[in-house]
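Let's take a friendly walk through this protein model. Have the sequence and the 3D view open as you read.

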Amino acid sequence: MVAIELAVVLLFIYLGARIGGIGIGLAGGAGVISLSLVLGVPTHQAYIPVDVILIIMSVITAIAAMQVAGGLDWLVQVAEDFLRKHPERITFYAPIVTFLMTLMAGTGHTAFSTLPVIAEVAKGQGVRPSRPLSIAVVASQIAITASPISAAVVAFAAMLAPMGVDYLTLLAVCIPTTFIACMVGAFVANFMGSELKDDPVYQERLAQGLIKLNTAQKREILPTAKKATYIFLGAIAFVVCYAAAISSSVGLIENPALGRNEAIMTVMLAAATIITLTTKIDASKIPSAATFRSGMTACVCVLGVAWLGSTFVNAHVDGIKEFAGALLADYPWMLALVLFFASMLLYSQGATTVALMPAALAIGVAPLTAVASFAAVSALFVLPTYPTLLAAVEMDDTGSTRIGNLVFNHPFFVPGVVTIATAVALGFAFGGILIG
């Protein structure tokens, strides 16, 4: 019976992946119906990440308000100016830019706006564009596990809190380890593929006149852009400082009237309010912003896949603990492998976290192991179908960023695997100091 239930879970995950986008959430809900009404699996103990969904909604609302006010355009312009000033180091500076933008915004979709700039700067410098593009996409994905306001971090922090690992400790481990790992990945990417001038595909496209070199174009930045951005960044800073003040390790505020999760929600909604009032943007445009739509899609995906996964796991937690507990105790790094392969299918760091981390902690995985393995939920680059990856391929008219016939032989794979493996290894090292 367990095998049949597991097959149903995998079937609906596969179906959701085939649908794409919001499909993983839709299929998750359908899978819960199949498990409960058809196979009789109880759902009353299933973990539904309500707080995570509400936080995503709140944060995305603030980001969308900032976008409507022109804040994202201004951030992209700042990033473009920085990259064009240092073209010779594009392979190392590109991931820094996408990492920081994801860190601040809590979503990797901010990379879309910078990818064309990265491709143009690399091409103008004679650098193979696949090198900076590949690691920039990977950096935008792994930075989710270090962002103070990402759904994955907030959800994971809530799971770790009862085990004595607070929000600040999680960030203190994840931010430096993932950033250093991105730099290691950039070093590897810098040697990937032939030099651009020696690439036969590039030479062929050049001869056909298919390659164009665009000059820098200044975006029209709204006068409200900087104000909206500063308000949003101030809100993030306030959330982090407040979380520090109420944490058990700092303890400046005891028995706070407002919890950390509630603080994130209310501060982000307040930030959206202040942005709307001070910049006088049309509030009706916020729901139609691209970031708002992607955030609502993430909410549905997290709801569906978490409900489906936890329904199955909670029904068989004792058996899973007996089977996997001893194995993970002897080989803790295997949790990273499980998360790695799961994120390939679930296509979401948040969905992978809420679907598998509760089960891992329930079977006795040590907090250190869970924190160190956390970066492995970012293996969205493995299958060449993720939106930012496809965008990078489309934006490189030199043909250097191409997907091979064997599916996995694309320029994102090796830098991505190196980055995640380095982050996990550093996570055990850093975490061993901070968590013990």
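## The largest cavity

Helix 9 contributes four residues to the lining of the largest cavity, the most of any element. Keep in mind as you look that this is a predicted model. Helix 9 spans residues 167–189, and it is joined by helix 17 (367–373) and helix 19 (413–434) in giving at least two residues each to that lining.

How much space lies in the largest cavity? The volume comes to about 50 Å³. To find the place in your viewer, select the lining residues: Val-173, Cys-174, Thr-177, Thr-178, Val-371, Ala-372, Ala-375, Ala-423 and Gly-427. With a threshold of 30 Å³ or more, the count is one cavity.

## An enclosed helix

Next, turn to helix 6, residues 115–125. Why is helix 6 described as largely enclosed by the rest of the structure? Eight of its 11 residues are buried, so the rest of the structure surrounds most of this helix. Buried here means under 20% relative accessible area.

The buried residues of helix 6 are Leu-115, Val-117, Ile-118, Ala-119, Glu-120, Val-121, Ala-122 and Lys-123. Glu-120 and Lys-123 may catch your eye in that list of buried residues. The cover over the buried residues of helix 6 includes helix 4 (71–85), helix 5 (90–105), helix 7 and helix 18 (387–395). Just after helix 6 comes Gly-126, with a positive phi of about 80 degrees.

## A buried serine in a loop

Helix 7 (130–142) also marks one end of a loop that leads to helix 8 (151–160), and Ser-150 is found in this loop. Is Ser-150 buried or exposed? Its relative accessibility is 0%, so Ser-150 counts as buried.

Which residues does Ser-150 touch? Leaving aside residues up to four places away in sequence, Ser-150 is in contact with Gly-106 and Ile-144.

## A nonpolar patch on the surface

Finally, have a look at the outside. Ile-48, Val-50, Leu-54, Met-57 and Leu-303 make a nonpolar surface patch of about 350 Å². Helix 3 (residues 50–68) supplies the largest share of the patch, with three residues.

One of the patch residues, Met-57, is found in helix 3. Met-57 has a relative accessible area of 34%, so it is classed as partly exposed. A residue needs over 30% relative accessible area to be part of a patch, and the 34% of Met-57 satisfies that cut-off.

Technical notes
Residues are numbered from 1 along each chain as its sequence is written. This is a predicted model: local features need pLDDT of at least 70, side-chain atom pairs count only at pLDDT 80 or more; totals for chains, interfaces and linings use all residues. Side-chain values use heavy atoms; hydrogens and water are left out. Patches are made of residues with over 30% relative accessible area and no salt bridge: like charges are joined within 9 Å, nonpolar side chains (Val, Leu, Ile, Met, Phe, Trp, Tyr) within 5 Å. Accessible areas come from the Shrake-Rupley method with a 1.4 Å probe; for residues, only the protein chains shown count as cover. A salt bridge is a side-chain nitrogen of Lys or Arg within 4 Å of a carboxyl oxygen of Asp or Glu. Buried means under 20% relative accessible area, exposed over 50%, partly exposed in between (1.4 Å probe, protein chains only). Contact means heavy atoms within 4.5 Å. On a 1 Å grid over the protein atoms alone, a cavity is a set of points where a 1.4 Å probe fits but cannot get out, and a pocket is an open set with protein on both sides within 12 Å along at least five of seven lines; lining residues have an atom within 4 Å of a point. Grid points are joined across faces, edges and corners, and a volume is the space filled by probe spheres set on the points.
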